[in-house]
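Welcome! Please take a moment to look over the sequence and the model below, and then let us walk through them together.

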Amino acid sequence: MCNKIKIIVCKVEGAEDIPLPQYMTSGAAGMDLAANVSEITYLEAGEFKVIPCGIKIEIPTGFEAQIRPRSGLAVNHGITVLNSPGTIDCDYRGEVKVILINHGKQKFAIKRGDRIAQLVIAKVVEAEICQGRNLCETERGNGGFGHTGM
């Protein structure tokens, strides 16, 4: 049995034809987001752009929306989300936008309504920060990047 929460979605003016976020299969973790561009937008190799999605969302307190890449765009074209995963906080009420980057070798066309990213709803735990003098010891200690070898 899946847990469901209610996410309220409003379309921005001029985006009435853009599909709402939707799960494409019954087991999908992410909902596809569509591009709200008025004309074909090109991403040159190495270029990044902010692409609007034509929606505003209301997320319940204690949750966030994560913007993640679509695997098909990544593997077939080198297109991904620059700040992956992007976070939409529960108190944000502006238009959802995605920062796409082209890591491919050819320019990539984004058309109105294209599925460009995924929206994943996740629980958030708010931490209480307590300043201390020392941390407890662990086996790892301060071993950082590559500390376990190749």
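The paragraphs that follow go from the annotated domain to a sheet, and then to some charged side chains.

Keep in mind from the start that this is a predicted model. For a first orientation, we can turn to UniProt: an unreviewed entry there carries the annotation "domain: dUTPase-like" for residues 17-149. Over this stretch the chain is 5% helix and 38% strand. The C-alpha atoms at the ends of the stretch are 52 Å apart.

Now let us find a sheet. Four strands make up an open sheet, and their order is S1-S4-S8-S6, with antiparallel pairing. At its edges you will find strand S1, residues 8-11, and strand S6, residues 79-81, each of which pairs on one side only. From one strand to the next, the twist averages 45°. In general, the strands of a sheet pair through backbone hydrogen bonds, and the pairing may be parallel or antiparallel. To see one pairing here, follow S1 to its antiparallel partner S4, which covers residues 48-58; four bridges join the two. Within this pairing, isoleucine 8 stands opposite glutamate 58 of S4.

Next, look for aspartate 32, a residue of strand S2, which spans residues 31-34. Is aspartate 32 buried or exposed? Its relative accessible area is 7%, and because buried means under 20%, aspartate 32 counts as buried. Its contacts beyond four places in sequence include Leu20, Pro21, Met24 and Ala117, along with Arg70 and Arg115.

Those two arginines bring us to the salt bridges, of which the model has four. In one of them, aspartate 32 pairs with arginine 70, and the closest N and O atoms are 3.5 Å apart. This pair links distant parts of the chain, 38 residues apart, since arginine 70 sits in the loop between strand S5 (63-68) and helix H1 (71-77). Both aspartate 32 and arginine 70 are buried.

Aspartate 32 also forms a salt bridge with arginine 115, at 2.8 Å from N to O. Arginine 115 belongs to strand S10 (residues 115-123) and aspartate 32 to strand S2, so this pair ties together parts that lie 83 residues apart in sequence. Arginine 115 is partly exposed, at 38% relative accessibility.

Another salt bridge joins the side chains of lysine 111 and aspartate 114, at 3.8 Å from N to O. Here lysine 111 is partly exposed at 41%, and aspartate 114 is partly exposed at 22%. Through shared partners, salt bridges also join Asp32, Arg70 and Arg115 into one network.

Terms used
Residues are numbered from 1 along each chain as its sequence is written. This is a predicted model: local features need pLDDT of at least 70, side-chain atom pairs count only at pLDDT 80 or more; totals for chains, interfaces and linings use all residues. Side-chain values use heavy atoms; hydrogens and water are left out. Two strands pair if DSSP finds at least two bridges between them. Axes are lines fitted to C-alpha atoms, for helices over the stretch in contact, and angles run from 0 to 180 degrees between N-to-C directions. UniProt positions are given in the numbering used here, feature names are shortened, and annotations may be inferred rather than shown by experiment. Contact means heavy atoms within 4.5 Å. Buried means under 20% relative accessible area, exposed over 50%, partly exposed in between (1.4 Å probe, protein chains only).
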